[in-house]
Amino acid sequence: MGFAQIEPILLHPENGKEYFYQFTDLQYIANDDGLKLSELRKQKTLHIKFSNVQSENKELLQVVVIQNKADKPLRKPIETIDYMYPYLEDTYFGKRYDNYYEELICDIEFQFEFDYATSEVKLYNRADVLLKVREILKRKEFDKKGIDRYTTEFNEKGIPEITKRLNSIYRISMDSEPEINNTEEFKTKVIVKDSFGNISAKRWDKTPGLYSLNILSHLKEYYLKNYNRIEIDSTKQNGWAARNPDKRFYHENDIRLLRQKNISENRFTISGKIENPKYKKVTLAVLKNPYGTELHQESVFLDENNTFQIETELNHPGIVMLQFGNTNQSRELPIFLIYAEPGSRIELNDGGETFLENVEFEGDFSNAAKMLCEFRKKHKLVNNLNLETTFWQNMNHKVDYADFEVALKDFDSFSEAFKNEIDETAFEFIEKEMKAQFFSGSLLYSRQKETYLNDAFARPYFKDYEKVDIQFLQRYIENNSINELYNEFGIYSRIMAGVYLASQLEKTVQTQKLHKIELDYFIVLSSGILYPSSYLNLELLKVILSGHAYYSSVAKFIQYHKTHINNQLSKNNQLLIQKADEYSDLAMRLCNNLEFVDALKSLNTTHNNWESSDYIPPNKFFNDKGEQVYLKSFFGEKPTVFYVVQNWGTERYYFDDLANENPAINFVMIMEGSNFQEWTDYMERAEPVANQLFFINTEKELKSIFKKDYRHFIVYDKNGIRFAFASNPLDAKNFAKQSLQPPKKKELNKSQLQLIIILLGSILCALIIGLTIWKWRVRQRFRKEEQHRKLRELELTAIRSQMNPHFLFNALNSVQNLVQQNKGREAHLYLADFAGLIRKVLNNSEKEEVSLAEELEMIEQYLNLEKLRFDFEFVLSVSEEIDSHNTLVPSMLLQPFVENAVIHGLQSKEGYKRLKIEILKSDLGINIGIEDNGIGRAAAKEIAKAKNGKGTKLMKERLEILQEKQGEKYSLEIVDLKEGTRVEIVIPEES
């Protein structure tokens, strides 16, 4: 790579590397001495990874905006807009600012193709990005018009801006800066040192246009280290505004590489060796939650060589704490503060006779760890602390004010000696965290000084108050801004925010003429931080805090009220819980940090689950034998009290006493930790009576499962229905006993009884009137239906009465034919059988339905009579699936069709004559088929023109009436065969 005067500087990323670039755009007015009089600063930080994307099988730049802010740093307090954490106010899209795309670019993954020939980038996943934008706008509850509007704006402004900034890292065009070659106007230098090439140009005088340019890039690895360009605007600023006439605007664009490293997993590993250990237990505490100050802890024990190793998930840079000893026994245990980043590894070795005397660090950021260790050796500020406390909780009896003031004054000079030895980003983070500690201490000492000056009774509790230099502390507070010191994932930054807002709210409380902070106004958490419990104070915080600091306070407010375990809430608590839900919904909609949103969603999901009384966490626990246990396994015979606790020893013996005294109740103690062996060893020493369960919290913690993770009792009845919550074991026991008792009948007072009688009387009167009207209307409807039914039955009877004489007439005609043929014997037999048939017909004539067996018996008798007149063959078959004696069919159903087949079909046929009657069962009901091989309907119709056949017509009408009456489907179909005719009848089967 060369530095030609006009050619662009082409750089490129390295595969497998990740880069953090900070873009700063400044607008300000400066006086002749270079002092900035007014300033607007915009900052974006881009996290860039260059690697092979497996799903796409190509090299892509994966870009995420992890910081996006605008502020006026010279204002006191600083005015700021954090687009990741926008102002927490609900409003419709029309009132949003014009550059709303600034919010939308946060936490969206852009994928860019990189052209090695031109060093230009091109967005590869535009469709996915725009789809993600629409999903975000939908989550924010924009309507369709707003979604379309801001998606278009994002496509036209947001994507080009990110593309432009990315291009400015890899392709630095010199075409727009040709004047830097003019030696009369610019002093230009090109310097190459330690593989870095530097171009610097500065105008001799301050005239409009380019004023200075500085480019620092690596000549071998082809990456940009720093780019700075300052331009003077031709527009003059009014003298009254700038306090210096004829001054002009400066526009400064700065690009700074914060960090370059190999792409690694989000893990952190720490190991070491302790030569003379007092304690075997080693605990690593890491800030993982996107809000609050709770530290995630994982523990191991030194092995036989006094070495250890802990590996944990780490997603953000921050200060981790390493403690040696048992946190359940002492608050004066050795602690190391160590700076760590995702993918980093560090090793410590302590070879001294006493702790911290001779500690050496190796690995990533070892100089940063050394700086923190040396400062703590020099000053007693945070030397012996418990992971669950903070230094100001023990400030009165642990830290002398004089030591605090000396440490505060010494820090700048002390840290300056390490500045060039420590990574720039790491140094900046540590510097902010230490100053955040000092800021918090200054606030607390100032508050105590003011309190004890006005309260003589409190002075004995703070004997050091006379030494406190309150003017010095207030100057320190005024010269530092909480927004400038704040690290989003800094434990001391979050503590500072809590202390700061508490001090500001105390002033508000004092204006309400209250002499001290009341607990009704604040939440005192285990970490010692005060958070507002009133949503009115939470609204007030909008003018005190901003960005993540404010959102974190809101999240703690939400968490506090959602973890309320009272069984009967007061109206005030109900209002606060309602407000917590409102803030939660609002924060999840407006926040543009997806990790923060997901944490709130998880919080809501957990506590929404507990709204149901039959909810039982499905998570897996372990007993002291190492067996997997589920909470539901305790139900069935006894009520159960679950005690969720952080400290393993809290009220253990009292809980065991309750288990001994109440054998009819299951008592179960639930604890968490990362080291199962440590827990089982502790169980052996404790010899517990109550059931003990252990939850391994490396992936999830108890607070994400239960309402709370400390001093939290849950009472279930024997059936697994939650009976109550409790905050102490005695109440929990009493609730469990109550669950064994039948519910008491509630006694009513006289006024309640009178009200109930009046209500019941009114309901009874209304019911009587309603029943009377209903009964009259039903009677009218039944009367009409009865009339209609009788009419249809008369019609059916009339049809049957027409069918029977028709059959008798045909039968007598058969006898007459036999007599005319001088077949006296046959006529005699026919008349005998005919008499029996007439008896059956008369018996069935008044019946609407007869059994299938009776109907077939009558048909068989009829066919036997007809065979006496002329010869033919008939077959009757019934499926075995049909119970003919218990199957009802309309009476005289088959006779008309059988008679038609014999008289009209077979009688006129020459040769072999056959009639087949087949009855089968199907999904539709009973299928009856009557098939003959006669002359067919067409020929029979010609022969029978002179006859008046009504049987088939009457039967069709009869089936229609039956179908209408019974509401069941009957069907009749006559099919002309190649030889003969087939009648198919379907009768619905009774269920």
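Hi everyone, let me start with one lysine: K58 comes out at 27% relative accessibility, so this residue counts as partly exposed. Before I go on, please keep in mind that we are looking at a predicted model.

What does K58 pair with? The side chain of K58 meets that of E113 in a salt bridge, with N to O at 2.9 Å. K58 sits in strand β4, residues 58-72, and E113 in strand β6, residues 110-115, so this pair ties together parts that are 55 residues apart in sequence. E113 is also partly exposed, because its relative accessibility is 28%.

That is one example from a longer list, since the structure holds 35 salt bridges in total. As a reminder, side chains of opposite charge can pair when their charged atoms come close.

Now for a second pair, E18 and K261. Their closest N and O atoms are 4.0 Å apart, and the two form a salt bridge. E18 belongs to strand β2, residues 17-30, while K261 belongs to strand β13, residues 248-262, so the bridge ties together parts that are 243 residues apart in sequence. Are these two buried or exposed? E18 has 4% relative accessibility and therefore counts as buried. K261, at 18%, counts as buried too, because the cut-off is under 20%.

The third pair takes us to the helices. D581 and K562 meet through their side chains in a salt bridge of 2.5 Å, N to O. D581 is in helix α14, residues 571-590, and K562 is in helix α13, residues 547-562; the pair links distant parts of the chain, 19 residues apart. Here the two partners differ in burial: D581 is partly exposed at 30% relative accessibility, whereas K562 is buried at 7%. Coming back to E18 and K261, salt bridges with shared partners join these two with R259, E341 and D423 into one network.

Let me stay with charged residues for a moment and turn to E405. This glutamate is found in helix α7, residues 401-416, and counts as buried because its relative accessibility is 14%. Which side chain does E405 reach in a polar contact? The partner is K409, at 2.8 Å. Leaving out residues up to four places away in sequence, E405 touches D469 and F472.

Next, a strand that I like for its pattern: β17, residues 307-313. In a regular strand the side chains alternate between the two faces of the sheet. In β17, F308, I310 and T312 point to one face and are buried, while T307, Q309, E311 and E313 point to the other and are not buried. Strand β14, residues 267-274, pairs with β17 in the antiparallel sense, over seven bridges. One of the bridge partners is E313 in β17, which is matched with R267.

Finally, the nonpolar interior. The largest nonpolar core has 80 residues, and the ones with the most contacts inside it are L88, Y550, Y551 and L600. Which element gives the largest share of this core? That is helix α8, residues 424-454, with eleven residues. If we set aside neighbours within four places in sequence, L88 is in contact with K542, Y550, Y551, V554, Y583, L586, A587 and L590. There is also a second, separate core of 49 residues, with I9, F110, L213 and Y223 among them.

That's my tour, and I'm happy to take your questions!

Terms used. Residues are numbered from 1 along each chain as its sequence is written. This is a predicted model: local features need pLDDT of at least 70, side-chain atom pairs count only at pLDDT 80 or more; totals for chains, interfaces and linings use all residues. Side-chain values use heavy atoms; hydrogens and water are left out. Helices (H or I, at least four residues) and strands (E, at least two) are DSSP runs, numbered from the N terminus. Buried means under 20% relative accessible area, exposed over 50%, partly exposed in between (1.4 Å probe, protein chains only). A polar contact is a pair of N or O atoms within 3.5 Å; within protein, one must be able to donate a hydrogen and the other to accept it, and residues adjacent in sequence count only if both atoms are side-chain atoms. Contact means heavy atoms within 4.5 Å. Two strands pair if DSSP finds at least two bridges between them. A nonpolar core is a set of buried Ala, Val, Leu, Ile, Met, Phe, Trp, Tyr and Cys residues joined through side-chain atoms within 4.5 Å.
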